[in-house]
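Please walk me through this structure, beginning inside the sheet and working outwards. I have not seen it before.

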Amino acid sequence: MDVTLESQVDVSALPPWARQMYKEAWDEAKRRANAAKLAEYSRDPVKFGNEVLNHAYYSDVEDLMKSIVANPITIAKSGNAVGKTYCAADIALWWFMVYDDAEVYVTAAPPLENLKNLLWGEMLHSIRGNQDLFKKFAIKELEVKRHDKSAIHGVTIPMTGTSEERVSKFSGKHSPHLLFIVDEGDAVPHEVYEGIETCMSGGMARLLILFNPKAQAGPVYQMELDQRARIINLSAMRHPNVISGEDIIPGAVTRETVVRRINQWTRPIVEGEDPSPVKRFEVPDSLIGTTANSLQGIPYPPLKPGL
């Protein structure tokens, strides 16, 4: 990632010794400009994504990216197809690019295809779209390598073996700038988190866990209860596609899907009923009056305001 500087000097008119001095001074100016830009991006992953990767994000995803800067552990709870894996891939690339001693370890709940096809697949898609930026790195299956002490590693989770073996797979990893990303984190065994925790006592270390909430159980749920992480909710209700009713981000969640699920999964509160806050749902203003078809093609009535 090089900052563009324009020279006003006709180097060809200089004697050889002056050309060499000029080249050294010019290289040093570029190095300092790059260092200043990297320092700026290290505090602002959203700006890195916008300006370097040419990616745009909506508000929930921006909150998630900013949380990595401010908090040692971030848990991202999301609906389906709202951009969590896309965001996680960009976070991995941002961390790797802004710290030349960065070590990044990404994993996902078994099977291996969850990692290769989803999180790692999103990373490779971004890398292919920015080949000039990444051409100086060695890219192999489940590894993007700067040098022996700086790389992005895809780490598989053993489905067999002892508890100690699973802990050891994720322990002993150290770097001045260390990032772990765990996708489908609610289905990852607790030994993985035990191993990661042993690595986070020194340097600048961060852990990002992403999952679609299914059950109130497991090590990630316990982290939330113990208030050991910053919780970011990626809501389909705030997604640009759902708010606008248009396919602003192709392939992401749609208004049609959300409205259909509201009709499938909820019902109006009847008079005298007082459900717990966890079970309450209020139709957002952007969806009042909207409709969708059932899976059988039958139109639902327009959504009404209220709980």
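A good place to begin is a pair of residues on neighbouring strands: Val104 stands opposite Ile152 in β5. This is a predicted model, and every value below is computed from it. The strands behind that pair are β2 and β5, which pair in the parallel sense over four bridges. On another pairing, β2 is joined to β6 by seven bridges, and these two strands also run parallel. Within that pairing, Glu103 has Leu178 of β6 as its bridge partner.

How many of the residues of β2 are buried? Seven of its seven residues are, so β2 counts as mostly covered, a residue being buried when its relative accessible area is under 20%. In a regular strand the side chains alternate between the two faces of the sheet. In β2, both faces are covered. One side carries Ala102, Val104, Val106 and Ala108, the other Glu103, Tyr105 and Thr107, and all of them are buried.

The wider sheet can now be laid out. Eight strands form an open sheet with mixed pairing, in the order β3-β4-β5-β2-β6-β7-β1-β8. Strands β3 (138-140) and β8 (230-234) stand at the edges; each has a single partner strand, so one side of each is left without a neighbour in the sheet. From one strand to the next, the twist averages 15 degrees. Helix α5 (residues 112-129) packs on this sheet and touches β2 (102-108), β3, β4 (143-147), β5 (150-154) and β6 (177-183). The direction of α5 makes about 140 degrees with that of β2.

The loop between β2 and α5 contains Pro111. The peptide bond from Pro110 to Pro111 is cis, with omega near 5 degrees.

Further along the sheet, strand β1 (residues 73-78) pairs with strand β7 (residues 204-211) in the parallel sense, over five bridges. In this pairing Ile73 stands opposite Leu207 of β7. Strand β7 also holds Arg206. What is the nearest side chain of opposite charge to Arg206? It is Asp101, 13 Å away, and Arg206 has no salt bridge although it is buried. A polar atom of the Arg206 side chain does lie 2.7 Å from the backbone oxygen of Ile68. Leaving aside neighbours within four places in sequence, Arg206 is in contact with a run of residues that includes Ile68, Val69, Ala70, Asn71 and Pro72. Trp95, Leu178, Leu179, Phe180 and Met200 are also among its contacts. Leu178 has therefore appeared twice: as the bridge partner of Glu103, and as a contact of Arg206.

Helix α4 (residues 84-98) brings in another buried position, Ala88. Its relative accessible area is 0%, which is why Ala88 counts as buried. Not counting residues up to four places away in sequence, Ala88 touches Leu119, Ile181, Leu208 and Leu210. One of these, Ile181, is 93 residues from Ala88 in sequence, yet the two are 7.3 Å apart in space, C-alpha to C-alpha.

Two loop residues have an unusual backbone setting to look at. Ala81, in the loop between β1 and α4, has a positive phi of about 60 degrees although it is not a glycine. Ala81 is partly exposed, with a relative accessible area of 43%. Gln227 lies in the loop between α9 (219-225) and β8. Its phi, near 55 degrees, is again a positive value in a residue other than glycine. Is Gln227 buried or exposed? With a relative accessible area of 71%, Gln227 is exposed.

Later in the chain comes helix α11 (residues 255-265), where Thr257, Val258, Val259, Arg260 and Ile262 are buried. The buried residues of α11 pack against α10 (240-244).

Last, the chain as a whole. It has eleven helices and eight strands. Of its 307 residues, 41% are buried. Taken along the principal axes, its C-alpha atoms fill a box of roughly 90 × 50 × 30 Å. Among contacts with a separation of 6 or more, residues 24 or more positions apart account for 70%.

Technical notes
Residues numbered from 1 in each chain as written. Predicted model: local features only at pLDDT ≥ 70, side-chain atom pairs only at ≥ 80, totals over all residues. Heavy atoms only, no water. Pairing = 2+ DSSP bridges. Axes fitted to C-alpha atoms, helices over the stretch in contact; angles between N-to-C directions. Contact = heavy atoms within 4.5 Å. Buried < 20%, exposed > 50% of the residue type's maximum accessible area, 1.4 Å probe, protein only. Lys, Arg positive; Asp, Glu negative; His and termini not counted. Salt bridge = Lys/Arg side-chain N within 4 Å of Asp/Glu carboxyl O. Polar contact = N/O pair within 3.5 Å; in protein donor to acceptor, adjacent residues only side chain to side chain.
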